[in-house]
Amino acid sequence: MPRTLFRFQGLAIIACLLTIPVVVCADITRFDLSGTITDGTGAVLPGVTVSLANADTGFNRSTVTDGQGRYSFNAIPPTGKWTLSAELQGFAPQHREGLEFLANTKPEINFELKVGSLQEAITVQAESPLVRTRESELSSILDARQVDALPTNGRNFLSLLQTSGSVVPTGTGSGALSVNGQGIRMANFVADGVSMTGREIRTLNGEFGGGNGLSLDVVKELQVITNGFKAETGQTGAGTISIVTKSGTNTLAGSAYGFWRPTEWVAANLLTGAKTTQKRRQFGGTIGGPIRKDVTHYFANYEDTDIDDAVVVTSVLAPGTFPAPQRQRQGFFKLNHRFNDRNGFDARYNFNRNRQEGQSVGALNTYDRRSNTEGRTDALIASLVSNFGANAVNEARFRYTFDVVDFYSPLTAPNGAASRTPDFSTAPVTVTYTGIGNLGTNPGFPQNLVEKRAQWVDHFSVVRGSHQMKAGADVIGSWRFVTFFNNFAGTYTFAQTAKYPFNANDPATFPFQFTQTFGTSGLNFKDAMIGLFAQDDWEVRRGLTLNAGVRWDKDSLFQGDNNNWAPRVGFAWNVGGRTNTVVRGNTGVFYDTLESSAINRESNTGPVGQTTIDLRQGDPLFPTFPSRLSAFPSGVATVARATVYVPVFQGGAFPGSIGDQLRRKAPYFFNSNVGVQHEIGPNWAASADYIRLSGYDLLVTWDINAPPYFALGPGQTRTAAQANLLRPLGVPNRTGGSYGIPFTGFRSLYLQFNGGQTEYNAMKLALNKRMSHRYLLQANYTLGRARGDVDNFRLANSFVPGLTALDGDRRYQWGPSDTDARHVFVLSGLYDAPLGIHVGGVLFARSGFPYTGVVGLDADGDGFSSAAASFSDRPASLTRNSFRYPATVTLDTSVAYDMRLSGAQHVEIRLDAFNLANRKNVSTVNNIIGLDPSNPPATFGTITAFRDQRQAQIAVRYRF
């Protein structure tokens, strides 16, 4: 659909919204409560006084029903238990106590008042509704008890996201999560209503260096929003992960805890059978309470994690088990203050200090390839919520984050700060034996980032009649210094058929390729994102709610792209008006953002940035193994520099930009779902939803000087020299071609531009039972299919051989996405057994991801090859991702004994076990199939690494 149509649709929705009396709804950190009050005949009752009170925090608010018997409370904090009361002269008052609400929900609670006196008041213990009758959004929520009691390996809340059935981990960390079948690094992380997503590579703030962003003990709620998110939510087309942190109450409470994972409780390595040396220690504590009762509260946490880990190298070149220690310290402090009944203020500060060693090692990567990571994060968040009258609310938020991360090889620098000016003079060269092992200095490091981000969010909302409307703005500014030293030590690549070890007298042992980069690295850069929105929840008639909104996004990384209007519409039909069945649906446009690392490439490896040479055996410049070149060879006008990223971004640090001729656009998604949710009795709810998501204009990397496609097969290869003769702009390039590129001297001219597409279709079934009769249960099953011609904008995840035209045919790479998991089933639950025993578990099962059988080297001479990437050189008879890993199944369990001491004091002893069955879940295989798929090498498909073996830990926690 043309973007101009989006713009007209957006303007039409705005025009409609502006004709409606202004109203509001809560943001992602708070809840809205509404309902209708009737008498015994079903007639609506205006003028009823409705009160909402919270003894835990001192919060009190009252309103009066309108002419249609409606009441509403908006932007309410979800902390504590609530009492909801309704009173009208001549009727018996009703009080519902013990209510608990979740953030980003809109519960509907109706009253039917009976004729009576004040003395005939009815008080009942109540629970919030299971069915979300006024929301078209599709999401999954874990409350504080589930977050605390479910087993989580490493006490990292990210591992709980998979319970939604919509989030599938592809590895470890927030940079390896697939949401709604999309590629990694496409989710948006939000904490307490502000972004928690780093700009450089779109991962979680505080995760750098092995951190987990926030301690599990500060997380109150965890929500995955996959479809139908409101116009106030932007910067992603895949899904939003929302975290709400804990707050203090009028009760002084806290805990001290320790988690220990002895070496003896970690099973042997599943691949080698070698006994591990891993052991883990985590300790910390929380405290929260009142500074002034009903007015000012605080909550604080400190946690320290120390891990002695080990990695296993299976390569025959240098096998063994090697140390990989990690250390993390993190702290959190939050203050909540009510100036008066109309104005509330929150502020929090949190920090992370992290260090990892021995990373990037394992399977075919030998210990030479190890890297260290040092990271720190400081975050300050403040918010002010102000009420103007009974039905108008303004929510203002500010956040500032400071992130520093240094990824480096200890062979080039002694610490993170020193790695920003690395020394490669004594570092050994990088050596790659295709399909056998990798030696020498890790070529991808150092990488350094110093990033500061500031954000201002302001949402204003009002409620009037049957409308709830909201409008607001979101502004984020980023300032960063970034480096990327790639392959400065030089890399020798040996063919799969090469003999080992190297023998200067035997050509059969010689490398066939040598590459090396020269220059330096370092870019100071800033950018901004702006989002404006308006939305309305309109109760068209009792039981039928229409959600409509529009959002406009501007991302300064997409220069000149100013028409990103995103209309969204949804409905929720409360069938029969009894709040136990809702039919829901939504559709809309969602604009995505971009990792700023893409822009950095255009400066760091642009025409005046780093320079790489690519030589093949027989070239007179080819160095003698294992030496490297001391400088770029003389005669640079005739020696082709191997690669350059053509700048599209314009600015002083991007000479040679063609941004005046080509303008990138923000990628966008159509995101839709339709489904039904039904309450089965008082404690069960089931749902079924169909989901469709289509992505357009996704960024991909092209070589606009690529040689024509060459069909690889047995005896069918092409040398680099042969390929270079066919490149349309020459080697080195003598002209800028139709894109007006103003520089020459390069072989491969990489251009990052729009062109990729993805699609995801899924049926999701869910069954939820809230805690009652001693147990809680949540089951999610997703049957889905993810396909596309791109998994990430990077060269290794989007390249189409031979394609130089930006409007060219990308069907060669169309196929199952790297994150395509056809079946995903997750069962999680808690059980309160007698005698103070509590049991929890998470069963996760999914189909295996696909992978591609690749040649393993640059067999077509086009200059691109990556043994691990599904977009690398493959035999012409194979399609992309035509092979599958086995299924992954894990069972994590916890058992706790709660021993009460006196009063509120008690001690909990807990045992957790992860991958209880010690199942061999494959993480990587040797995917080098060679040129003849009918006669692959014996190593093809062999397992090179399993996911974690069985691990267990014991914990002791004292609560008061």
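1. A word on naming before we start: strands are DSSP runs of E with at least two residues, helices are runs of H or I with at least four, and both are numbered from the N terminus. With that in hand, Asn104 can be placed in the loop between β6 (94-99) and β7 (111-112). Please keep in mind as you read that this is a predicted model.

2. Let's stay with Asn104 for a moment. Its phi is positive, about 60°, although Asn104 is not a glycine. Most residues other than glycine have a negative phi, so this one deserves a look on your screen. Is Asn104 buried or exposed? Its relative accessibility is 13%, and Asn104 counts as buried because the cut-off is under 20%.

3. Ala75 is another residue to check for backbone geometry. Here phi is near 55°, again a positive value in a residue other than glycine. Ala75 belongs to a strand, β4, which covers residues 70-76. With a relative accessible area of 2%, Ala75 is buried.

4. Next come two peptide bonds. Most peptide bonds are trans, but the one joining Phe445 and Pro446 is cis, with omega of about 5°. You will find Pro446 in the loop between β26 and β27. A cis bond also joins Tyr500 to Pro501, and omega there is about 5°. Pro501 sits in the loop that runs between β29 (491-494) and β30.

5. Now to a set of paired strands that I enjoyed tracing. How many of the 17 residues of β24 are buried? The count is 14, which leaves this strand (residues 392-408) mostly covered. On one hand, β24 pairs with β23 (residues 371-387) in the antiparallel sense, over 16 bridges. To find the register, look for Ala379, which stands opposite Thr401 in β24. The two strands form a hairpin with four residues between them, and Gly389 in the turn has a positive phi of about 80°.

6. β24 has another partner. Strand β27 (residues 447-464) pairs with β24 over 16 bridges, also in the antiparallel sense. Here a handy marker is Glu395, which has His459 of β27 opposite to it.

7. Elsewhere, there is an open sheet of five strands. Their order is β26-β25-β29-β30-β35, and the pairing is mixed. Which strands lie at the edges? They are β26 (437-439) and β35 (611-616), each of which pairs on one side only. From one strand to the next, the twist averages 15°. Within this sheet, β30 (residues 513-518) and β35 run antiparallel and are joined by six bridges. Thr517 has Thr612 in β35 as its bridge partner.

8. The second largest cavity is worth opening up in your viewer. Its space comes to about 570 Å³. The lining consists of 37 residues, and those nearest the centre are Arg30, Pro77, Ser247, Asn336 and Asp346. Five strands, β3 (59-64), β15 (240-245), β21 (326-340), β22 (343-359) and β23, each supply at least two lining residues. Which of the strands gives the most to this lining? That is β22, with six residues. By type, the lining divides into 11 nonpolar, 15 polar and 11 charged residues. Note that β23, the hairpin partner of β24, is among the strands that contribute to this lining.

9. On to the nonpolar cores. In soluble globular proteins, nonpolar side chains tend to be buried together. The largest nonpolar core in this model has 74 residues, of which Phe157, Leu222 and Leu751 touch the most other members. Strand β39 (residues 746-772) gives the most to this core, with six residues. Apart from it lies another core, made of 21 residues, including Leu52, Ile76, Ala86 and Ile109.

10. My final point concerns Arg718, a charged residue. Where does Arg718 lie? Its place is in the loop between β38 (684-703) and α4 (720-724). Arg718 has a relative accessible area of 7%, so the residue is buried. It is also worth drawing a line from Arg718 to Asp858: the two are 140 residues apart in sequence, while their C-alpha atoms are 8.9 Å apart in space.

Conventions: Residues numbered from 1 in each chain as written. Predicted model: local features only at pLDDT ≥ 70, side-chain atom pairs only at ≥ 80, totals over all residues. Heavy atoms only, no water. Buried < 20%, exposed > 50% of the residue type's maximum accessible area, 1.4 Å probe, protein only. Pairing = 2+ DSSP bridges. Axes fitted to C-alpha atoms, helices over the stretch in contact; angles between N-to-C directions. 1 Å grid on protein atoms, 1.4 Å probe; cavity = no way out; pocket = protein on both sides within 12 Å on 5 of 7 lines; lining within 4 Å. Points joined across faces, edges and corners; volume = space filled by probe spheres on them. Core = buried A, V, L, I, M, F, W, Y, C linked by side-chain atoms within 4.5 Å.
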